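Let's take a walk through this one, starting from a single side chain and working outwards. Have the model open alongside as you read.

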Amino acid sequence: MAFLLWYTQRPPTMGGDFKLNHNGKTWQFSENAKKLNLLYVGYAKCPDVCPMALSYSAQAFKQLTDKERENVQLIFISVDAENDTAESVSVYAHQFNPEFIGLTGTTAEIDAAIKPFGASYIVEKDPKSYLGYSISHTDRVFFLNKKGIVVDSIQSPRSADEITTKIKENL
């Protein structure tokens, strides 16, 4: 019984510090963290879930007060090391909100960055796709504290209100 109580009340431990490339420069989470950080993993040429998740997140940010926005940021990590450049990922993230951070790196750097969050992806050749490939990836917004620890998440975010509510709950 004591173990069960300890197990259910222990603080979350998933997550941590990471560094990737932002616009050609090294970007380290611990040096840029805000009070609350939203993390989404995808790729810039994603035809469906990434644009939806980032659009809803951008709408959620518009629903925040100026003070709330000062304490929160969204970090988008591209897992398409073969095709997304640091610049293209940054431009992609900024299209949704100028404050969104777009990051990428080598396959090894990306894997090291997302593994602590339990995120994953699979690159598959797909001749029927307009890209000739597709990437199946985790469709989840992770909410990280200033230390990079996951404090909450939303699987398949499809509502700005849902994201806004989670932001306000965790600020």
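Start at Phe-18, which is buried, with a relative accessible area of just 5%. Bear in mind that this is a predicted model. Now look for aromatic company: across the whole structure, a search turns up 10 aromatic pairs. One of them is Phe-18 with Phe-117, an edge-to-face pair with 5.8 Å from centre to centre and 85° between the planes. Phe-18 sits in the loop between helix H1 (2-9) and strand S1 (19-22), while Phe-117 is in the loop between helix H6 (107-114) and strand S6 (121-125), so the pair ties together parts that lie 99 residues apart in sequence. Phe-117 is buried as well, at 2% relative accessibility. Both rings belong to one aromatic cluster, together with Trp-27, Phe-29 and Phe-142.

Phe-142 gives us a handy way over to Asp-152, since the two are in contact. Asp-152 lies in strand S9 (residues 150-155). Buried or exposed? At 19% relative accessibility, Asp-152 counts as buried, because the cut-off is under 20%. Its side chain makes a polar contact of 3.3 Å with that of Asn-170. Leaving aside neighbours within four places in sequence, the residues touching Asp-152 also include Val-141, Phe-143, Lys-166 and Glu-169.

Finally, helix H3 (residues 49-62). At 1.5 Å a residue, its 14 residues should span 20 Å, and the end C-alpha atoms are indeed 20 Å apart, so the two agree. The buried residues of H3 are Val-49, Cys-50, Ala-53, Leu-54, Ser-57, Ala-58, Ala-60 and Phe-61. They cover an arc of only 160° around the axis, which puts them on the same side of H3.

Terms used. Residues are numbered from 1 along each chain as its sequence is written. This is a predicted model: local features need pLDDT of at least 70, side-chain atom pairs count only at pLDDT 80 or more; totals for chains, interfaces and linings use all residues. Side-chain values use heavy atoms; hydrogens and water are left out. Helices (H or I, at least four residues) and strands (E, at least two) are DSSP runs, numbered from the N terminus. The expected span of a helix is 1.5 Å times one less than its number of residues. Buried means under 20% relative accessible area, exposed over 50%, partly exposed in between (1.4 Å probe, protein chains only). The arc is that of the directions from the helix axis to the C-beta atoms. Rings of Phe, Tyr and Trp (its six-membered ring) pair if their centres lie within 6.5 Å; planes under 30 degrees apart count as stacked, over 60 as edge-to-face and the rest as tilted. A polar contact is a pair of N or O atoms within 3.5 Å; within protein, one must be able to donate a hydrogen and the other to accept it, and residues adjacent in sequence count only if both atoms are side-chain atoms. Contact means heavy atoms within 4.5 Å.
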